[in-house]
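Q: Could you walk me through how to read some features of a protein model?
A: Sure, let's open it up and go through it together.

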Amino acid sequence: MFWTSIQKHPESMKKVPNLLDYDATYADFSWPAIRAELQGLPENRGLNIAHEAVDRHADSPLRDHVAVQWLGSEGATRAITYAELKSQTNRFANILQGLGIDKGDTVCALAGRIPELYIAALGTLKNTSVFCPLFSAFGPEPIFQRMSRGDAKILLTTERYYHQKVHHLRDKLPRLGHVLLVDAGDHLADDLLSLPRLMTEASDAFVIPPTDPEDVALLHFTSGTTGMPKGALHVHNAVLTHYMTGKYVMDFHPDDVFWCTADPGWVTGTSYGIIAPLLHGITNVVDEADFDAVRWCRILAEQRVSVWYTAPTAIRRFMRMGIEPARENDLGHLRVIHSVGEPLNPEAVVWGEKAMGLPIHDNWWQTETGGIMIANFPAMEIRPGSMGRPLPGIEAAIVQRVDNDTVEVIEAPGVQGELALRPGWPSMFRDYLHDEERYRKCFVGGWYLTGDLAKRDEDGYFWFVGRADDIIKTSGHMVGPFEVESMLMAHPAVAEAGVIGKPDPLIGEMVKAFVALKPGFVPSDELRLELIGFARKKLGSAVAPKEIDFKSNLPKNKAGKIMRRLLKARELGWPEGDLSTLEDSE
Ligand code: ATP
Ligand code: MG
């Protein structure tokens, strides 16, 4: 790679990181020791995520500490303490019980980032039902797909979303018994109920029923970047991973103020936007509004955010707009910045140092893994462009498929292969909903195969190459789009790049790039040639794009990820496939 590493000096950091010595922590690690840092339900009744996240703190000196600091899009705010969160989630769990919702029943939520969504998520977990968040920007079809596949028994939503997106689907959702409306003053029908009224009437005392760590807790659909979204089932035991990654990656300390910008409709927005910070008894900032660079800078400063978790798509937007948050805002409280969801281009890591006063730490995981698996830890040297090193308790390897039942582990550093994890970590998905065969096929020769290609360097850092589906085979080379995209983004004119392989009779596939320019740059043949030359100089002619098209925007899904499969389908006139998660602005 072309970027130098960013060294850290723990003694100069604002707090002593929880993970100081990676090798020693990795070697000494045990999941039972992590379990011992949690409490478990009283009288050995098991392990429940909501007890660990809420009740444990509500019954401690942290009871008056702010658990959720909500910022409404219209300027309203609400601070919910751990004690209040306990009583609110108890009320919600009682409502579910009163409506006959049992262990294992699916509770869906279709709401923006409003306090009720967070209360519903945790109340559902208390009732040992399964929480399934739906991204509020979804249209009726993706909502129907998820609710029918997930066998939703109950839905929490707003009056507007109900009438716009759900009402006309009711006949096709016979198992959906009740809809809880967060903004209805009174019940509208027997099955269309006012949540405020039910909350007032419900008792705030609730005893969490026995919860087996293997009881299903969450149903999360994948982002749909490569095809039809899959439903991943997660169990209560996942709380061990949420807690451990909160400790070692997020580096939570008492009095931290954390902000995860992901919506709970995506796994990041639940594992880290709800659960992990509460497990550590800190304050979790929730912003209802959509991305707005100026507002975000203000939130970081005014809320005194100390740990920030965001995504490359947001960082690229800051970069594109030329905004340098640390210049105009007091970000003195900010200690660590993390990113997930897509590869973080080295350029973005370095931008963080200049514009935020801190480098950005990339970490890798999937809906299926339930929590962070590979990370750049706060105390460690960052290698820009690398995903970092495996979490303690996580064994990662680069493998090659030999046949349907066997893989070979590639020990040599620098060799590309499929990223694999040793099964058995607590937040590993336990099934793909209604698709057990697909689930089984992910596990080969004692490994879980992630579908991502990567390399490992001699020091154990993992480097993302691309999704197996996106790899380009050109003139006998295997080219990962990430490397080419990162190089293009190092050019001052480029805001975003998406790279695909275009079938070519001579060389198999030709590397083709789609580029969105920063403000002030205009597409031209000269600029196209300049970019091709720039990439050739750095990457060599075999890997550099041979064709570049300019686009005002690249197609992204609602999770903000560039959809290369769509760039390719459109280029080749192929069917566009499932577009249920495509961003509206596209
Ligand atoms: P689908 O599985 O439906 O196609 P998806 O894979 O995008 O969608 P997620 O589970 O949200 O759904 O995303 C996980 C994937 O995102 C990873 O497998 C990887 O391809 C990509 N990803 C996440 N974080 C990183 C990262 N830090 N670096 C590189 N890739 C990442
Ligand atoms: Mg995936």
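Q: Let's start with one residue: is tryptophan 296 buried or exposed?
A: Good place to start, and keep in mind that this is a predicted model. The general idea is that under 20% relative accessible area means buried. Tryptophan 296 has 6% relative accessibility, so it counts as buried.

Q: How many aromatic pairs does the structure hold, and how do I describe one?
A: The structure holds 25 aromatic pairs. A pair of aromatic rings is described by the distance of the centres and the angle of the planes. Take tryptophan 296 and phenylalanine 318: their ring centres are 6.5 Å apart and their planes are at 50 degrees, so we call this pair tilted. The pair links distant parts of the chain, with tryptophan 296 in helix H11 (residues 293–302) and phenylalanine 318 in helix H12 (residues 312–321), 22 residues apart.

Q: And is phenylalanine 318 buried or exposed?
A: Phenylalanine 318 counts as buried, because its relative accessibility is 1%.

Q: What kind of pair do phenylalanine 429 and tyrosine 448 form?
A: Same recipe: look at the distance, then at the angle. Here the centres are 5.6 Å apart with 70 degrees between the planes, and the pair is edge-to-face. Phenylalanine 429 lies in the loop between strand E19 (417–421) and strand E20 (431–432), while tyrosine 448 is in strand E22 (residues 447–456), so the pair ties together parts that are 19 residues apart in sequence. Phenylalanine 429 is buried, with a relative accessible area of 0%. Tyrosine 448 is buried too, at 1%.

Q: Which rings are linked into a cluster?
A: You can follow ring pairs from one residue to another. Doing that here links Trp259, Phe291, Trp296, Trp308, Phe318 and Trp351 into a cluster.

Q: Two of those names make me curious about strands. In what sense do strand E10 and strand E12 pair?
A: For strand pairs, look at the sense of the pairing and at the bridges. Strand E10 (residues 257–260) and strand E12 (residues 307–310) pair in the parallel sense over three bridges. Tryptophan 259 stands opposite tryptophan 308 in E12.

Q: What is the strand order in the open sheet of nine strands?
A: Read it across the sheet: E2-E1-E11-E10-E12-E13-E14-E15-E16, with mixed pairing. The edge strands are strand E2 (77–81) and strand E16 (389–390), and each of them pairs on one side only.

Q: Where does the charged end of lysine 172 sit?
A: Here you look for a charge placed over a ring. The charged end of lysine 172 sits over the ring of phenylalanine 144, 4.2 Å from its centre. In another case, arginine 383 has its charged end over the ring of tyrosine 461, 4.2 Å from the ring centre.

Q: Which residues of helix H6 are buried?
A: In helix H6 (residues 140–149) they are Pro142, Ile143, Phe144, Arg146 and Met147. Next, ask what covers them: the list includes strand E3 (106–110), strand E5 (152–157) and helix H7 (159–166). H6 is followed by aspartate 151, whose phi is positive, near 55 degrees.

Q: How far does helix H17 reach from its first C-alpha to its last?
A: To read a helix, compare its span with the expected one. H17 (residues 525–539) has 15 residues and reaches 21 Å, close to the 21 Å expected at 1.5 Å a residue. Its buried residues are Leu527, Leu531, Ile532, Phe534, Ala535 and Leu539. Seen down the axis of H17, these fall within an arc of 160 degrees, so they line one face of the helix.

Q: What do the two sides of H17 look like, the buried one and the one turned away from it?
A: The buried residues of H17 pack against helix H16 (481–489), strand E26 (494–504), strand E27 (508–517) and strand E28 (547–550). The face turned away carries the exposed residues Asp525, Glu526, Leu529 and Lys537. Just after H17, glycine 540 takes a positive phi of about 90 degrees.

Q: Where is proline 545 found, and what does proline 545 touch?
A: Proline 545 is in the loop between H17 and E28. Proline 545 is buried, with a relative accessible area of 1%. Leaving out residues up to four places away in sequence, proline 545 touches Val484, Leu488, Val511, Ala513, Ile532 and Ala535.

Conventions: Residues numbered from 1 in each chain as written. Chains lettered and ligands numbered in written order. Predicted model: local features only at pLDDT ≥ 70, side-chain atom pairs only at ≥ 80, totals over all residues. Heavy atoms only, no water. Phe/Tyr/Trp six-rings, centres within 6.5 Å; stacked < 30°, edge-to-face > 60°. Helix = DSSP H or I, 4+ residues; strand = E, 2+ residues; numbered from the N terminus. Buried < 20%, exposed > 50% of the residue type's maximum accessible area, 1.4 Å probe, protein only. Lys NZ or Arg CZ within 6 Å of the ring centre and 35° of its normal. Expected span 1.5 Å × (residues − 1). Arc of directions from axis to C-beta. Contact = heavy atoms within 4.5 Å. Pairing = 2+ DSSP bridges.
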